[in-house]
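Q: Could you take me through the hollows and the core of this model, and tell me what earns each one its label?

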Amino acid sequence: MKKRYTVPQIIRILKQGEGGVDVKTLCREKGIRRQTYYRWKSVYGGLEVAEAERLIELEDENHRLKKLLAERDLQVEVLKDVLSRNMVTPRQKRAAVGPVNNKRVERLYAKAGLHIPKRPHRKLYHCVEPLQEAEHPDHHWSLDFVWTILQTNAYFAFSTLSTTSSENACYRWSTLRSPGEGSCVSWRCLIANRC
């Protein structure tokens, strides 16, 4: 069975050999070969225990530093490789791929059971100027116009016209016809009556 010796034990064995004990006898007692004894002598010969332990600590630290240096060099090489490539913008990628069939993408996502990412709508920011003070009752007007198509394919339009000088609506209008047909006539009548 091979026995592993620690550095202080090796130094004690070498001291015994230097002290006059026959190397052949010493090797037989300790269970080592003479080549091992002479290899130990070439590495640890003339060292004290504290010096040998310090040497081992320095070797471990040297190994750790070499490993760190190799990792850093690898990172530098990877960064150089990445930075040397031509960067492609998303617009260039889309141009290279061509037009995207959104319906096909949605179908494939649904088949795979994936959530289809939705792009948020862009918010349009308008510069709104504050209203000026009304000089007379009909100076500022507010118009609310809503229309939709019912299940019967008929148009339904609802409109409210009010002035800022009164809280009540001056005019309300609704129709089941096309929104443009009756509204122009109604607005003309209102303008004629108010002016």
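Q: Which residues line the second largest pocket?
A: In this predicted model, the lining is made up of Arg94, Gly98, Val100, Asn102, Val105, Glu106, Tyr109, Ile116, Pro117, Lys118 and Arg119. They count as lining because each has an atom within 4 Å of a pocket point. The space there comes to about 370 Å³.

Q: What makes up that lining by class, and which helix gives the most?
A: By class there are 5 nonpolar, 2 polar and 4 charged residues. Gly98 goes with the polar ones, because Gly is counted there. Helix α6 (residues 102-112) gives the most, with 4 residues.

Q: Why is the other kind of hollow called a cavity?
A: A 1.4 Å probe fits inside but cannot get out, so the name is cavity, whereas a pocket is open. The structure holds 1 cavity of 30 Å³ or more, with a volume of about 30 Å³.

Q: What lines the largest cavity?
A: Ile11, Leu14, Lys15, Glu18, Tyr44, Gly45, Gly46 and Leu47 do. Helix α1 (residues 7-18) gives the most, with 4 residues. The split is 4 nonpolar, 2 polar and 2 charged.

Q: How do you know that Tyr44 is buried?
A: Tyr44 belongs to the largest nonpolar core, and a core takes in buried residues, so Tyr44 has under 20% relative accessible area. This core has 14 residues, and those with the most contacts inside it are Tyr37, Trp40 and Tyr44. The elements giving two or more residues are α1, α2 (23-30) and α3 (34-44), and the largest share, 5 residues, comes from α1.

Q: What does Tyr44 touch beyond four places away in sequence?
A: Val7, Ile10, Ile11, Leu14 and Ala52.

Methods: Residues are numbered from 1 along each chain as its sequence is written. This is a predicted model: local features need pLDDT of at least 70, side-chain atom pairs count only at pLDDT 80 or more; totals for chains, interfaces and linings use all residues. Side-chain values use heavy atoms; hydrogens and water are left out. On a 1 Å grid over the protein atoms alone, a cavity is a set of points where a 1.4 Å probe fits but cannot get out, and a pocket is an open set with protein on both sides within 12 Å along at least five of seven lines; lining residues have an atom within 4 Å of a point. Grid points are joined across faces, edges and corners, and a volume is the space filled by probe spheres set on the points. A nonpolar core is a set of buried Ala, Val, Leu, Ile, Met, Phe, Trp, Tyr and Cys residues joined through side-chain atoms within 4.5 Å. Buried means under 20% relative accessible area, exposed over 50%, partly exposed in between (1.4 Å probe, protein chains only). Contact means heavy atoms within 4.5 Å.
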